[in-house]
Amino acid sequence: MADTISNPSVDISPISPIERRDSLEKHLQTRPDPKDLKDRNILLDTNAAPSLQSKALELERQRATDSLKKGLGKRPEREELVERNILPDSNAAPAIQGQQKELQRHMRADSLEQKLQSRPKPEDLIKEGILEANEEATTE
């Protein structure tokens with residue numbers, strides 16, 4: 001009570017019935033239409049009676065939950081997805097799996113290059129009897 005007396009910005013004068021009616025009419029004129037309230041998810045978009053709307057919403061959520069559980073139950077295991085080459089066979093974090101794959105590709109390329117460098121020459125293969133002299137070995 002001391003707050004209302006010391007706070008001069010609070011108007012404690014009575015409102016006349018006419019002012020109250022005018023204020024109510026003004027607020028009713030600016031009231032949003034039901035479609036807008038449904039679009040903003042304030043009102044439920046349903047034809048069910050208001051007493052049944054909460055049960056209908058609960059049933060819809062339960063249906064969605066059941067559908068998700070059914071879908072997750074059919075989902076293949078990780079090992080099967082790795083075998084089918086859908087998931088990478090990696091224990092690395094997903095954020096670095098791309099870099100890991102790139103590193104593996106570069107390592108394979110380096111290994112291949114190293115093996116090509118140490119490949120025997122056609123003359124050596126002829127000396128060892130692996131190639132015949134009349135066979136044509138392609139050199140690059």
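Is Asp-36 buried, partly exposed or exposed? Asp-36 counts as partly exposed, with 27% relative accessibility; here buried means under 20% relative accessible area, exposed over 50% and partly exposed in between (1.4 Å probe, protein chains only).

The model is predicted, so local features need pLDDT of at least 70 and side-chain atom pairs count only at pLDDT 80 or more, while totals for chains, interfaces and linings use all residues. Residues are numbered from 1 along each chain as its sequence is written, and side-chain values use heavy atoms, with hydrogens and water left out.

**Figure 1. Overview of the predicted protein and its helices.** The secondary structure consists of seven helices and zero strands, in the order α-α-α-α-α-α-α along the sequence. Helices (H or I, at least four residues) and strands (E, at least two) are DSSP runs, numbered from the N terminus. The C-alpha atoms fill a box of roughly 120 × 45 × 30 Å along the principal axes. The radius of gyration is 39 Å, whereas a compact globule of 140 residues would have one near 14 Å. This radius is taken over C-alpha atoms, and the globule rule is 2.2 Å times the number of residues to the power 0.38. Of the 140 residues, 5% count as buried. The accessible surface comes to about 13600 Å², and carbon and sulfur atoms contribute 53% of it; areas come from the Shrake-Rupley method with a 1.4 Å probe, and for residues only the protein chains shown count as cover.

**Figure 2. Confidence along the model.** The mean pLDDT of the protein is 85, and 90% of the residues score at least 70. pLDDT is the predictor's confidence in each residue, on a scale from 0 to 100. Among the elements, helix 1 (residues 2-6) has the lowest mean, 51, and helix 6 (residues 97-117) has the highest, 94.

**Figure 3. The salt bridge between Arg-40 and Asp-36.** The two side chains meet at 3.2 Å, N to O. A salt bridge is a side-chain nitrogen of Lys or Arg within 4 Å of a carboxyl oxygen of Asp or Glu. Side chains of opposite charge can pair when their charged atoms come close. The structure holds eight salt bridges.

**Figure 4. Two salt bridges in helix 4, Lys-55 with Glu-58 and Glu-60 with Arg-63.** In the pair of Lys-55 and Glu-58, the closest N and O atoms are 4.0 Å apart. These partners are three residues apart in helix 4 (residues 50-74) and are therefore separated by about one helical turn. Lys-55 is partly exposed at 48% relative accessible area, and Glu-58 is partly exposed at 49%. For Glu-60 and Arg-63, the closest N and O atoms lie 2.6 Å apart. Glu-60 and Arg-63 are also three residues apart in helix 4, about one turn of the helix. Glu-60 is partly exposed, with 40% relative accessibility. Elsewhere, Arg-21, Asp-22 and Glu-25 are joined into one network by salt bridges that share partners.

**Figure 5. Helix 2, residues 17-29.** Zero of the 13 residues of helix 2 are buried, so the helix lies largely in the open. At 1.5 Å a residue, helix 2 should span 18 Å, and its end C-alpha atoms are 18 Å apart, which agrees. The expected span is 1.5 Å times one less than the number of residues.

**Figure 6. Leu-52 in helix 4.** Leu-52 counts as partly exposed at 49% relative accessibility. The C-alpha atoms of Leu-52 and Arg-20 are separated by 34 Å, and the two residues are 32 apart along the chain.

**Figure 7. Ser-90 in the loop between helix 5 (78-83) and helix 6.** With 8% relative accessibility, Ser-90 counts as buried. The Ser-90 side chain makes a polar contact of 2.6 Å with the side chain of Gln-100. A polar contact is a pair of N or O atoms within 3.5 Å; within protein, one must be able to donate a hydrogen and the other to accept it, and residues adjacent in sequence count only if both atoms are side-chain atoms.

**Figure 8. Positive phi at Asn-41 and Asn-85.** Most residues other than glycine have a negative phi. Asn-41 has a positive phi near 60°. Asn-41 sits in the loop between helix 3 (34-39) and helix 4 and is exposed at 67% relative accessible area. Asn-85, also not a glycine, has a positive phi of about 60°. Asn-85 belongs to the loop between helix 5 and helix 6 and is exposed, with a relative accessible area of 68%.
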